[in-house]
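The following exercises concern the architecture of one protein chain. Each task is followed by a worked solution that proceeds step by step.

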Amino acid sequence: MTIQTFLHVGCGAKHKDRTTREFSTERWTEVRLDIDPQAQPDFVGTMLDMSDVADASMDAVFSSHNIEHLYVHELPQAFAEFLRVLKPNGYLVVTCPDLKSVCQLVVQDQLTDAVYQSPSGPIAPIDILYGYRPSLAHGNLYMAHRSGFTLKTLIASLRRNGFASVGAIERGRAPHFDLWAIATKSLQTNEEVKALAELHFPGAVQA
């Protein structure tokens with residue numbers, strides 16, 4: 001069995017068992033990167049500077065609820081870093097809030113209503129839009145959200161910033177309200193992208 005390696009970007013306290021069903025298997029070795037040394041990552045760094053991670057050293061990159069913390073003008077640099085560390089046949093798995101489904105709740109005047117319960121406490125649309133309020137109140141301002149995506153804009157941003165093939169899905173219901181995407185460094189067919197996505201997040205992928 002060939003063992004592959006993925007970079008867990010912005011891992012926090014999470015390990016591979018809390019990533020995707022594919023990355024959590026014995027086929028994958030996890031390398032962890034986080035801005036916070038207290039998370040005890042393998043590398044301390046940010047999405048904008050992963051210079052401690054060697055070029056073309058990773059089979060995959062996993063980014064869960066990180067890219068919304070960047071300003072829009074910082075996205076090209078972050079995606080360039082993801083591409084830099086990926087091997088030629090590598091790919092990115094990224095998930096972030098789905099602003100379309102969250103804004104539907106705002107239109108229904110549920111901005112501060114709890115819409116699901118997380119391990120950290122109740123989550124309201126305002127937390128999904130701007131960042132988790134208790135964390136921000138405790139001074140963790142790096143948890144603030146500075147940008148956001150719909151399915152259309154996430155796919156467009158990944159393609160515009162150098163990923164050859166992209167497939168994505170929206171899960172606009174509690175407790176998700178999120179988007180998932182697969183983005184490959186080399187060109188893949190739609191069928192190959194959908195098969196790859198199925199390993200990580202089953203559903204009707206738009207490719």
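## Exercise 1: The sheet and its edges

The sheet is open and mixed in its pairing, with 7 strands in the order β3-β2-β1-β4-β5-β9-β8. The model is a predicted one.

Task: Determine which strands stand at the edges of the sheet, and why one side of each is left without a neighbour.

Solution.
- Step 1. The two ends of the strand order are β3 and β8.
- Step 2. β3 (43–44) and β8 (165–171) each have a single partner strand, so one side of each has no neighbour in the sheet.
- Step 3. In general terms, the strands of a sheet pair through backbone hydrogen bonds, in either a parallel or an antiparallel manner.

## Exercise 2: Strand β9 between its partners

Task: State which strands are joined by bridges to β9, and establish whether its faces are covered or open.

Solution.
- Step 1. On one side, β8 and β9 (residues 178–184) run antiparallel and are joined by 7 bridges.
- Step 2. On the other side in the strand order stands β5; β5 and β9 are also antiparallel, with 7 bridges between them.
- Step 3. Individual bridges can then be assigned. W180 of β9 is the bridge partner of I169. A181 of β9 is the bridge partner of A168, and A181 is also the bridge partner of V94.
- Step 4. For burial, the cut-off is under 20% relative accessible area. By this criterion 7 of the 7 residues of β9 are buried.
- Step 5. Sorted by face, D178, W180, I182 and T184 lie on one side, and L179, A181 and A183 on the other; all are buried, and both faces are thus covered.

## Exercise 3: Helices packed across the sheet

Task: Identify the strands that α1 lies across and those that α6 lies across, and list what covers the buried residues of α1.

Solution.
- Step 1. Helix α1 lies across β1, β4 and β5, and runs at about 140° to β5.
- Step 2. Helix α6 (residues 190–200) lies across β5, β8 and β9, at about 130° to β9.
- Step 3. Within α1 (residues 75–85), the buried residues are L75, A78, F79, E81, F82, L83 and V85.
- Step 4. An α-helix has 3.6 residues a turn, so residues three or four places apart point the same way.
- Step 5. The cover over the buried residues of α1 includes β1 (4–9), β4, β5 (86–97) and α5 (151–160).

## Exercise 4: An aromatic pair and its cluster

Task: Classify the pair formed by F6 and F23 as stacked, tilted or edge-to-face.

Solution.
- Step 1. The whole structure contains 11 aromatic pairs.
- Step 2. In the pair of F6 and F23 the ring centres are 4.3 Å apart and the planes are at 15°. Planes under 30 degrees apart count as stacked, and the pair is accordingly stacked.
- Step 3. The pair links distant parts of the chain: F6 belongs to strand β1, whereas F23 lies in the loop between β1 and β2 (28–34), 17 residues away.
- Step 4. F6 is buried because its relative accessible area is 0%, and F23 is buried because its relative accessibility is 0%.
- Step 5. Both rings belong to one aromatic cluster made up of F6, F23, W28, F62, Y91, W180 and F201.

## Exercise 5: The surroundings of D59

Task: Decide whether D59 is buried or exposed, and name the side chain with which it makes a polar contact.

Solution.
- Step 1. D59 is located in strand β4 (residues 58–64).
- Step 2. Its relative accessibility is 14%, so D59 counts as buried.
- Step 3. The side chains of D59 and K87 form a polar contact of 3.4 Å.
- Step 4. Apart from neighbours within four places in sequence, the residues in contact with D59 are Q4, T5, W28, L86, K87, G90 and Y91.

## Exercise 6: Positive phi in two loops

Task: For Q40 and A56, state where each residue lies and whether it is buried, partly exposed or exposed.

Solution.
- Step 1. Q40 has phi near 55°, a positive value in a residue other than glycine. Q40 is in the loop between β2 and β3 and is exposed, at 67% relative accessibility.
- Step 2. A56 has phi near 50°, likewise positive in a residue other than glycine. A56 is in the loop between β3 and β4 and is partly exposed, with a relative accessible area of 38%.

Key
Residues are numbered from 1 along each chain as its sequence is written. This is a predicted model: local features need pLDDT of at least 70, side-chain atom pairs count only at pLDDT 80 or more; totals for chains, interfaces and linings use all residues. Side-chain values use heavy atoms; hydrogens and water are left out. Helices (H or I, at least four residues) and strands (E, at least two) are DSSP runs, numbered from the N terminus. Buried means under 20% relative accessible area, exposed over 50%, partly exposed in between (1.4 Å probe, protein chains only). A polar contact is a pair of N or O atoms within 3.5 Å; within protein, one must be able to donate a hydrogen and the other to accept it, and residues adjacent in sequence count only if both atoms are side-chain atoms. Contact means heavy atoms within 4.5 Å. Rings of Phe, Tyr and Trp (its six-membered ring) pair if their centres lie within 6.5 Å; planes under 30 degrees apart count as stacked, over 60 as edge-to-face and the rest as tilted. Two strands pair if DSSP finds at least two bridges between them. Axes are lines fitted to C-alpha atoms, for helices over the stretch in contact, and angles run from 0 to 180 degrees between N-to-C directions.
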